[in-house]
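Student: I would like to test some labels against their cut-offs. Can we go through them one by one?

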Amino acid sequence: MKIDIIGDIHGCYKELISLFIKLGYEQKNGYYQHPEGRKLAFVGDLTDRGPQSVDVIKVVSTLIEEDLAYYCPGNHCDKLYRYFLGRNVQITHGLETTVEELTSLSKNEYKSIRNQFMSLVDRSPLYHVLDDKKLVIAHAGIRPDLIGITNKRVKSFVLYGDITGETNPDGTPVRLDWAKKHEGSVWIIYGHTPVKKPRFVNHSVNIDTGCVFGGALTALQYPEMNTVQVPSSQPYVIEKFRSFDE
C-alpha cells in the first residue's frame, strides 16, 4: 500500500494542484492519478480561510467518488457540514471565506456543491485504519486505545485533539500533547495544529504546516515516510504556528 497523505488544505487550491504535480500525479479523465497506482489521502480541513474552498471540494470529492483517495473530516469540515444542514453555526474563524464563495454561486451551483460536500462527509469515516492496522489517518490524531471506537468522545478527539475544556489566554482551547505519549508501532498521521515543519514524534507525524498561514502544503509518502512540500502563496502569519517542547 502506497499512499500520499496531504495535510490541511484550507482552500489553498493552487498549492494543492502544485503538490499533486510534484508528487507525480497526472490529470486523466478529469481527475488526478498516479502512474504507479499510488493513492491520495486527506487529513481534513479542506475549506475555510483560503481563497478557493469550492474548487478544493470539487477535486477531493471527485477523487473519493473514483476511489482514488481516502478522506476523513476535520473540525472545519464538520462546521461546514452543519452550516449546510442549516444549523446555527457562527460564520467565523474562516467559515466566512467559504460562505462568501458559496453566496457568489448560482442556485444550481450552490446545490451541487452542497450535495457533493455532504455526500463526501457522509461516506467518510471519522478516521481511517489502513495497511493491516499499521497506519491510521485522523484529522487531529487519535490515541491507540481509542482506535476502533467511534463514539462522541472519539469524534471530539479526532476533530479537535486532546482538549481539556480549558482555554488559553488567546481564546484557543488547551490541547494536551498526546503524540509525546504515543506508544506502539502504528503510524498516526494527522494535522489540525499548524507547525513550521512536519513533526515526527513516536510513530506519529503532524503534517499541517500551515499552508493557509504562509507556511507550506505538505504530503507524507507512506510507507517511505518522506515528506514533499510546496510553498504557500499566502502571507506568513507566525503567531498561527505552534512550537512544542520535545
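The questions below ask how each label is earned.

Tutor: This is a predicted model: local features need pLDDT of at least 70, side-chain atom pairs count only at pLDDT 80 or more, and totals for chains, interfaces and linings use all residues. Residues are numbered from 1 along each chain as its sequence is written, and side-chain values use heavy atoms, without hydrogens and water.

Student: What makes Arg38 and Asp4 a salt bridge?

Tutor: The cut-off is a side-chain nitrogen of Lys or Arg within 4 Å of a carboxyl oxygen of Asp or Glu. Here the closest N and O atoms are 3.1 Å apart, so the pair qualifies. Arg38 sits in the loop between strand 3 (31–33) and strand 4 (39–42), and Asp4 in strand 1 (residues 3–6), so the bridge ties together parts 34 residues apart in sequence.

Student: Why is Asp4 called buried?

Tutor: Buried means under 20% relative accessible area, exposed over 50%, partly exposed in between (1.4 Å probe, protein chains only). Asp4 has 0%, so it is buried. Arg38, at 8%, also counts as buried.

Student: Which residues share a network of salt bridges with Asp4?

Tutor: Arg38 and Glu224 are linked with Asp4.

Student: How do you know that Asp78 bridges Lys155?

Tutor: Their closest N and O atoms are 3.7 Å apart, so the pair passes the cut-off. Asp78 lies in helix 3 and Lys155 in helix 6 (residues 152–160), so parts 77 residues apart in sequence are tied together. Lys155 is partly exposed at 35%.

Conventions:
Helix = DSSP H or I, 4+ residues; strand = E, 2+ residues; numbered from the N terminus.
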